[in-house]
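Got your viewer open and a selection box ready? Let's take a walk through this one, stop by stop.

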Amino acid sequence: MIQPITSLTPTQRPVKAVGLISGGLDSTIAAKIVHDLGVEVEGIYFAMPWGCCDKGKAQQAADRLGIKLIILQLDERYLETVRKPKYGYGSALNPCVDCRIHMFSRAAQYMNAVGADFVFTGEVLGQRPMSQMRKSLQWIERDSGLEGRLLRPLSAQLLKPTIPEQQGLIDREKLLQISGRSRKEQIHLAQGFGITDYPAAAGGCLLTEQPFAQRMKDIFQYGYRNFRETIALKWGRHFRINKDFKAIVGRDEEENAALIHYAHSDDYIMQLSKNDGPTLILKGYHPSAEIFSLAAGLVQHFSRYKNNELVDVRYWPVNNKNDIHLIQAQRLTENEIEPLRI
Ligand code: SF4
């Protein structure tokens, strides 16, 4: 059990706050500080459309503090933010300022719905070049509709006092003045709180990775049916056959199974007849014989049948596994494949 760090701030009424909890070190410490100041805390975890972050860690952090955690799914609305960010991109397709504005706007709605006094986060002034500079912190606060109601406990003493601080709902003196990229102070605080199992810093936003960003740009250009389709961008080899058709080829059994599991009901599944090769998911409406033939060539190319022999490939629509068809595949060459690769 973690011990409180300080006595409660006396207030006229119970104070309630909504905290963004990622399960990382900063948001966990922020929640610990606010909670120990006597504030009733509810946590929000935002689940990426492609599920990249550690929901389990967030739940663990919430359980450790004894606070409620709700999971909000990021969906098509979030993808629209990624597609057209007002404040631009970071190193790849990561629109960090807009991403936060989107999440914090939803946190603001939740704050109003549950009658909370403010929203807080684990942001640290100057920690990240794009989204945590003083100017971007201000943009995020303003554009998310949280002006005066967005508390950053780790850097609060370096920032303008928020409304809850001015009203005495939370004691500014008990908040911190951390800035910069070093995590030394947070690690030291975590040790004092008995928090040991937190994930490494800055882990894993797929939007910061070029291969994933390329695949995301491709679906932005040619279309997608719903946000769940972005899950498959994490797996396999991706090929743009033409503006209407795309193929994804699994690289191992695990990916093959995942691709089948997350295939859209309008997709087709293709495999070698003996099922001793990769699974291919064909995306697009009403493929012609020519498209099936090309996709079958991809299946053969990534199979063990490396010679130019003809092999049988079977395919069926996801929504009717009994509607099986057979096609003979002619292996595609590297030169034919390379221009299709996303
Ligand atoms: S790194 Fe990814 S999740 Fe984090 S703010 Fe940027 S876009 Fe959003």
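Which residues surround the ligand? Select Met48, Asn94, Pro95, Cys96, Cys99, Arg100 and Cys205, and you have the shell. Before you go further, keep in mind that this is a predicted model. Colour that shell by residue class and you'll get five nonpolar residues, one polar and one charged.

Stay with the cysteines for a moment. Pick Cys96, which sits at 23% relative accessibility and therefore counts as partly exposed. Now click on Cys99: its relative accessibility is 11%, so Cys99 counts as buried, the cut-off being under 20%. If you feel like hunting for disulfides, you can stop early, as the structure holds zero of them.

**Zoom out: the domains**

Next, colour by domain. The protein chain splits into domain 1, residues 16–193, and domain 2, residues 235–340. Drop a centroid on the C-alpha atoms of each domain, and the distance between the two centres comes out at 43 Å.

**Helix α2 and the cavity**

Now select residues 55–65, which is helix α2, and find Gln59 in it. Gln59 has 32% relative accessibility, so it counts as partly exposed. Try a distance label from Gln59 to Val15: C-alpha to C-alpha they are 22 Å apart, with their positions 44 residues apart in sequence.

While you're here, how many cavities of 30 Å³ or more does a search of the whole structure find? The search turns up one, and the volume of this largest cavity is about 30 Å³. To show its lining, select Gly23, Thr28, Lys57, Gln60, Ala61, Arg64, Ile195, Asp197 and Tyr198. Helix α2 gives the most to that lining, with four residues. By class the lining is an even mix: three nonpolar, three polar and three charged.

**The second largest pocket**

From the cavity, move on to a pocket. Select Gln138, Glu141, Gly148, Arg152 and Lys160; out of the 20 residues that line the second largest pocket, these lie nearest its centre. The space inside is about 400 Å³.

Which elements each supply at least two residues of this lining? Highlight α5 (134–143), β5 (150–151) and α6 (163–166). Of the contributors, α5 gives the most, with seven residues. Switch to class colouring once more and the pocket lining shows eight nonpolar, four polar and eight charged residues. If you're setting up a view of the polar and charged side, those are the counts to expect.

**Two loops with unusual phi**

For the last stop, pull up a Ramachandran plot. Most residues other than glycine have a negative phi. Asn275 goes the other way, with a positive phi of about 50° although it is not a glycine. You'll find Asn275 in the loop between β8 (268–272) and β9 (280–283). Its relative accessibility is 43%, so Asn275 counts as partly exposed.

Follow the chain past β9 and click on His286, in the loop that leads from β9 to α10 (289–301). Here phi is near 50°, again a positive value in a residue other than glycine. Is His286 buried or exposed? At 74% relative accessibility, His286 counts as exposed, because the cut-off for that is over 50%.

Technical notes: Residues are numbered from 1 along each chain as its sequence is written. This is a predicted model: local features need pLDDT of at least 70, side-chain atom pairs count only at pLDDT 80 or more; totals for chains, interfaces and linings use all residues. Side-chain values use heavy atoms; hydrogens and water are left out. On a 1 Å grid over the protein atoms alone, a cavity is a set of points where a 1.4 Å probe fits but cannot get out, and a pocket is an open set with protein on both sides within 12 Å along at least five of seven lines; lining residues have an atom within 4 Å of a point. Grid points are joined across faces, edges and corners, and a volume is the space filled by probe spheres set on the points. Ala, Val, Leu, Ile, Met, Phe, Trp, Tyr, Cys and Pro count as nonpolar, Asp, Glu, Lys and Arg as charged, and the others, Gly among them, as polar. Buried means under 20% relative accessible area, exposed over 50%, partly exposed in between (1.4 Å probe, protein chains only). A disulfide is a pair of cysteine sulfur atoms within 2.5 Å. A residue is near a molecule or strand if one of its heavy atoms lies within 4 Å of it. Domain bounds come from an automatic or database domain assignment.
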